[in-house]
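Colleague: I am new to reading models like this one, and I would like a close look at a single part. Please start from the whole chain and then work inwards, in plain terms.

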Amino acid sequence: MPSPLPDYLAKLVQESPANRDKLLAAWDGFTTESRIQILDHLIESGAVPLMAVPVARRALADGNAYVRYLAIKCLESTDAPLDWETLASDPSDLVRYSRLERNKHFQHSPTEDLELASPEHFFALPQAARLAVLRSLVTDPRAVAELVTYVLDQPLSERVVSENELSDLLLDYLRNSEFRRNYELSGAHGGQWYTEEPLKCLWELLPRLGAAPHEGPHRIEAPLMAMVEHLPALPRDRLEPFIIELDESVQAALLWRSDIELTNLRRAIFFGDREVKSAYLVEAAASHHLELTEEDVPRLRFPDDFRKRDLKVEGTASAIAFNRLKALRYSKDLSDPVVALGLHNYLSSICHGSPSEDIRNTKEALLHHYMRAVERLRESGEEDELHRVLNRLRLCHLAYLAARKEQESSPSLFSSDFKDLDALVTPGDGWQTFQAFSRAWSSRRDAVLEAQVELPGEEWPGDYDDR
């Protein structure tokens, strides 16, 4: 859809001979921004030659190179003839090489298209011309993959393109709005033939780019990072074969992306099932699509012989466990509020007193996850699910408070409605107590639970001040 125009321009681009004459009469007084808006609208709306051709021919003489470029695109969209010999002497590379951009009406032959996209012809062109050719390949990722492969197959000393030039080419291609639009539309309509097969050709380049010799002092090449940051994702876990052999810093850059699911790989990294060296990679793995459930909470606890001082000793079981909990600070979708509150309470019970800034920040992040998840649930309007989750949260929080009371040899906090739970409390272990409470609880007591247990966010309990 064309971008909306200001009212005074929208009236002028309505197709009629009178509006055409008014538009031409006003042209010299328009700002560059208004001229760009008008030409963009004529191109995107598929304006008839009655309007588009006279305006575009007038714009060919504009002093702004981008306006002249849009004028060419507008004329091409109507099949109007262009004087390419004159345009070839334009001072702007953008205008001079615009003919190399294939459009739906094929200003040059398919044979010429193939020649321009062949690596030998392509890399013999100036960089500005290469960029123009790439704009003609937005629906052909395979051709782009062949170009990159051609470069990687050459010895470093004989490469026909610099690292920065290759990076610019990939960046321009991957961020091209038409390329992104084609991908998104294909995905929305189930076009697996396009979203997966051609894009896989580009994803398969990542291991080669990561291993290739490069010009700079850094392990990660600029072309590799252009791909890592902007290449459209494939569905679910189909990317794993392409990235598991990459450097950990490159894997982390991918896992920070919200559109990269890879839940199995994320969980393997996060829980230590896949050995990694970088705490940054663990944080990236936790950032999205981790899908933590209540069954995962025991795997996030400290070892039985936990000592607070071990948290600062790199490589200890306690430090590794704490790194996992700290990584949850960066999670964007820790969506189970019971997990978030349970972990928050666990840290509160095991690291009470004067916690370090790291512990305090981690607890605050977990509390924020819990509050945000409850708020999302309230906004969903699913009353039955909200009631169920809130009562599990109340039971979780009751278990935490009961375990602390028992550990401190304080009087029981249970009223007569809860007396049978007293024997199920594990001193100092709110989560284990919660699991025992869950097994013993009955739905007939939900109203009692709601009346007697206040949750964080409703009103802080008096003995919760050291959170």
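Colleague: How much area does the chain expose, and what percentage of it do carbon and sulfur atoms supply? After that, please take helix α20 as the single part: which of its residues are buried, and what covers them?

Modeller: This is a predicted model, and the values below are computed from it. The chain exposes about 22800 Å², and 50% of that area is supplied by carbon and sulfur atoms. The chain has 467 residues, of which 47% are buried. It contains 27 helices and 0 strands. Contacts between residues at least 6 apart in sequence can be sorted by how far apart the partners are: 66% of them join residues at least 24 apart.

Now to the helix you asked about. α20 covers residues 263–270, and 6 of its 8 residues are buried, which leaves the helix mostly covered. The buried ones are T263, L265, R266, A268, I269 and F270. The cover over these residues includes α18 (240–243), α19 (248–255), α21 and α22.

Both ends of the helix have a backbone detail to look at. In the loop between α19 and α20 sits L262. This residue has a positive phi of about 45° although it is not a glycine. Most residues other than glycine have a negative phi. L262 has a relative accessible area of 0%, so it counts as buried. Just after α20 comes G272, with a positive phi of about 85°. A further positive phi is found elsewhere in the chain, at D79, where the value is about 65° and the residue is again not a glycine. D79 lies in the loop between α5 (65–77) and α6 (84–87).

One of the buried residues of α20, F270, leads into the nonpolar interior. The largest nonpolar core has 102 residues, and F270 is listed with L202, W203, L206, F302 and L328 as touching the most other members. Helix α25 (residues 383–407) gives this core its largest share, 10 residues. Apart from it there is another core, of 30 residues, including I38, A52, V55 and V95.

Two of the well-connected members of the largest core show how such contacts are made. Setting aside neighbours within four places in sequence, L206 is in contact with L224, M227, V228, L231, F242, I243, L246 and L254. F302 belongs to the loop between α21 and α22. Its relative accessibility is 6%, and because buried means under 20%, F302 counts as buried. Not counting residues up to four places away in sequence, F302 touches L311, S318, A321, F322, L325, Y346, L347, I350 and C351. For one of these partners, L347, the separation along the chain is 45 residues, while the C-alpha atoms of F302 and L347 are separated by 9.5 Å.

α20 also takes part in an open space. The second largest pocket holds about 340 Å³. It is lined by 17 residues, and those closest to its centre are V276, K277, V282, I320 and N323. At least two lining residues come from each of α20, α21 (279–286) and α22 (317–327). The helix that gives the most is α22, with 4 residues. Sorted by class, the lining has 8 nonpolar, 4 polar and 5 charged residues.

Enclosed spaces are a separate matter. There are 4 cavities of 30 Å³ or more in the structure, and the largest cavity holds about 70 Å³. Among its 10 lining residues, R159, E163, L166, E221 and P223 are the closest to its centre. Helices α11 (141–152) and α12 (163–174) each supply at least two residues of that lining. Its classes are 5 nonpolar, 1 polar and 4 charged.

For another helix to set beside α20, look at α10 (residues 127–134): 6 of its 8 residues are buried, so this helix is largely enclosed by the rest of the structure. The buried residues there are Q127, A129, R130, A132, V133 and L134.

To return to your question, α20 is mostly covered, its cover includes α18, α19, α21 and α22, and α20 supplies at least two residues to the lining of the second largest pocket.

Notes:
Residues are numbered from 1 along each chain as its sequence is written. This is a predicted model: local features need pLDDT of at least 70, side-chain atom pairs count only at pLDDT 80 or more; totals for chains, interfaces and linings use all residues. Side-chain values use heavy atoms; hydrogens and water are left out. Buried means under 20% relative accessible area, exposed over 50%, partly exposed in between (1.4 Å probe, protein chains only). On a 1 Å grid over the protein atoms alone, a cavity is a set of points where a 1.4 Å probe fits but cannot get out, and a pocket is an open set with protein on both sides within 12 Å along at least five of seven lines; lining residues have an atom within 4 Å of a point. Grid points are joined across faces, edges and corners, and a volume is the space filled by probe spheres set on the points. Ala, Val, Leu, Ile, Met, Phe, Trp, Tyr, Cys and Pro count as nonpolar, Asp, Glu, Lys and Arg as charged, and the others, Gly among them, as polar. Contact means heavy atoms within 4.5 Å. Accessible areas come from the Shrake-Rupley method with a 1.4 Å probe; for residues, only the protein chains shown count as cover. A nonpolar core is a set of buried Ala, Val, Leu, Ile, Met, Phe, Trp, Tyr and Cys residues joined through side-chain atoms within 4.5 Å.
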